[in-house]
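Got the viewer open? Let's take a short walk through some aromatic side chains, one selection at a time.

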Amino acid sequence: MAQQQQISLPAKLINGGIAGMVGVTCVFPIDLAKTRLQNQRSGQQLYKNMMDCLIKTVKSEGYFGMYRGAAVNLTLVTPEKAIKLAANDFFRHQLSKDGGRLTVIKEMLAGCCAGMCQVIITTPMEMLKIQLQDAGRLVAQQRMVPSVVTTLKMGGTSAVLSRSYNTNPAPQVMRVSATQITRELLRTKGVTGLYRGLGATLMRDIPFSVVYFPLFAHLHQLGQRSSEDQSVPFYWSFMSGCLAGSIAAVTVSPCDVVKTRLQSLKKGANEETYNGVVDCVRKILRKEGPAAFLKGASCRALVIAPLFGIAQVVYFVGVGEFLLGYTPHNIYSA
């Protein structure tokens, strides 16, 4: 019972929220590059790699262009990360009530439950973020697509086709806000519009949590100073979060590609639409090949690794416990 009194769910929620805000602020530009790389199709590639994407984004949209969609992400990532990290701790605690050490199966079950809980916030957050992040790519694609116009040859009887390229000034990035997108989705499709891609989000977040949390727990335990002193240096928590996060991110990258495609409402020229997860997978395989499922995988690993490394360190600092007057308790060392 002593262990149960040390666990404060409100404190864990505060820790998770602060951890998410700090982590997202640090890695958001890489996440934007990941979204744009995943959405571009074969034959219409605007960006060669992550650095090329970020450089072109800064040139065309300015420095703050790298943070398009950051406001909605910061607003919603607080409850999202709070639910994810706190739920995992909560379920680990519940599964270890008999006093024994958690088996790998129980650790995976706790991660699975945490992944299922977080999609309540994750799905609408990702839905809005992707629209804002991808707006610049769509405008950039419009600049590159030539328009074919038909003009009559003066004094002649035949029509001459001439290509007209838009070389000046380029169209500006659409200044659409998360509030506008939300209102439009609620007006046209109701609450379900915000949960488009829910199945794909579950396909991504549940396996991610099943892989990440047990892996992090075992890596984290390796950093314990001794059997008597089970504390772990902050840098070891950071490295454990980075390594576990990058492995889990690459593992579920194909699911993330499918989710991103399904949640992109606006399409570029000649970009296909999808009628669900199965249809999306089938069309990507047929038109782009298996390699398309790994688009943005390196960016995703670069996003998730420091995000979870930073988040775990901030989470273990115990700001929530400090504010609420509890003694910080590390479930991984229990």
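In which helix does Phe238 lie? Select residues 234-251: that's helix 8, and Phe238 is in it. Keep in mind as you click around that this is a predicted model.

Stay on Phe238 for a moment and switch on the surface. Its relative accessibility is 32%, so Phe238 counts as partly exposed. Now add Phe234, Tyr235 and Met239 to the selection: together with Phe238 they form a nonpolar patch on the surface, with about 440 Å² of accessible area between them.

Next stop, ring pairs. A pair of aromatic rings is described by the distance of the centres and the angle of the planes. With centres within 6.5 Å as the cut-off, the count comes to 12 aromatic pairs. Try Phe90 and Phe91: the ring centres sit 5.4 Å apart and the planes are at 75°, so this pair is edge-to-face. Both rings have some access to the outside: Phe90 is partly exposed at 31% relative accessibility, and Phe91 is partly exposed at 23%.

Now jump to Phe208 and Phe308. This aromatic pair is tilted, with 5.4 Å centre to centre and 45° between the planes. Colour by helix here: Phe208 belongs to helix 7 (residues 198-221) and Phe308 to helix 11 (residues 297-317), so the pair ties together parts that are 100 residues apart in sequence. How buried or exposed are they? Phe208 is buried, at 3% relative accessible area, and Phe308 is buried too, at 2%.

To finish, extend the selection with Tyr212, Phe213, Phe216, Tyr315 and Phe316. Ring pairs link these residues with Phe208 and Phe308 into a cluster.

Definitions and conventions. Residues numbered from 1 in each chain as written. Predicted model: local features only at pLDDT ≥ 70, side-chain atom pairs only at ≥ 80, totals over all residues. Heavy atoms only, no water. Phe/Tyr/Trp six-rings, centres within 6.5 Å; stacked < 30°, edge-to-face > 60°. Buried < 20%, exposed > 50% of the residue type's maximum accessible area, 1.4 Å probe, protein only. Helix = DSSP H or I, 4+ residues; strand = E, 2+ residues; numbered from the N terminus. Patch = residues over 30% accessible without salt bridge, like charges linked within 9 Å, V, L, I, M, F, W, Y side chains within 5 Å. Areas by Shrake-Rupley, 256 points an atom, 1.4 Å probe, with all protein chains shown as cover. Salt bridge = Lys/Arg side-chain N within 4 Å of Asp/Glu carboxyl O.
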